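Q: Please take a close look at one part of this model, the loop that leads into the second helix and what lies around it. I would like one connected account rather than a list.

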Amino acid sequence: MDEGFLCEAVGSLVVVRLTRPMSERVLEECQLCMLETMQETGSKAVLYDLTEMQSTSLNVLLYQRILNDHVRHLDLRRA
C-alpha cells in the first residue's frame with residue numbers, strides 16, 4: 001500500500017519523499033515515521049524530497065506548521 005511517502009535513513013540524514021497529495025493523516029504518519037527513524041539512527045537532519053509530490057490543499061500544508069511546533073524542541077535541521 002502506498003502511504004504517500006517514503007522515509008529512510010541515507011547516511012547521516014533522514015530522507016522523506018512525498019509521493020502523492022497529502023492529507024493531515026498522512027502528514028501525521030509521515031512525521032511519526034520520520035521521528036522513529038531519527039531515534040533509531042541518532043540523526044538530527046531531515047531532507048524533504050518534494051519532486052514527486054502532487055498538488056496539496058493549502059489547509060493541509062498549513063497543518064504542517066502545527067506538526068512543526070510539536071517537534072520544535074528537538075532542534076531538527078530540515079531542508
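A: Helices here are DSSP runs of H or I with at least four residues, strands are runs of E with at least two, and both are numbered from the N terminus. The model is predicted. On that basis, Thr56 sits in the loop between β3 and α2, and β3 covers residues 45-49. Thr56 counts as buried because its relative accessible area is 13%, and the cut-off for buried is under 20%.

What lies against Thr56? Apart from neighbours within four places in sequence, Thr56 is in contact with Pro21, Met22 and Leu61. Met22 is 34 residues away along the chain, yet the C-alpha atoms of Thr56 and Met22 are separated by 5.8 Å.

Glu52 belongs to the loop between β3 and α2 as well. With neighbours within four places set aside, Glu52 is in contact with Leu18, Thr19 and Arg20. Between Glu52 and Pro21 the C-alpha distance is 9.5 Å, for a separation of 31 residues in sequence. Pro21 is also one of the residues in contact with Thr56.

Several of these partners appear again at the largest pocket, which holds about 190 Å³ of space. Its lining includes Leu18, Met22 and Leu61, along with Met53, Leu27, Gln31 and Gln64. Of the lining residues, 8 are nonpolar, 3 polar and 1 charged. Both α1 and α2 contribute at least two residues each to this lining.

The two helices also meet directly. Helix α1, residues 24-41, packs with α2 at about 35 degrees, and the axes are 10 Å apart. Their crossing is right-handed. From α1 the contact involves Glu24, Leu27, Glu28 and Gln31, and from α2 it involves Val60, Tyr63, Gln64 and Leu67. By class, this contact has 4 nonpolar, 2 polar and 2 charged residues. Leu27, Gln31 and Gln64 therefore belong to the helix contact and, by the 4 Å lining criterion, to the pocket lining.

Past the other end of α2, which spans 58-70, Asp75 lies in the loop that leads to β4 (77-78). Asp75 counts as exposed because its relative accessibility is 62%, and the cut-off for exposed is over 50%. Its phi is near 55 degrees, a positive value in a residue other than glycine. Most residues other than glycine have a negative phi.

Note on methods
Residues numbered from 1 in each chain as written. Predicted model: local features only at pLDDT ≥ 70, side-chain atom pairs only at ≥ 80, totals over all residues. Heavy atoms only, no water. Buried < 20%, exposed > 50% of the residue type's maximum accessible area, 1.4 Å probe, protein only. Axes fitted to C-alpha atoms, helices over the stretch in contact; angles between N-to-C directions. Left-handed = near helix turned anticlockwise from the far one by under 90°. Contact = heavy atoms within 4.5 Å. Nonpolar A, V, L, I, M, F, W, Y, C, P; charged D, E, K, R; others polar. 1 Å grid on protein atoms, 1.4 Å probe; cavity = no way out; pocket = protein on both sides within 12 Å on 5 of 7 lines; lining within 4 Å. Points joined across faces, edges and corners; volume = space filled by probe spheres on them.
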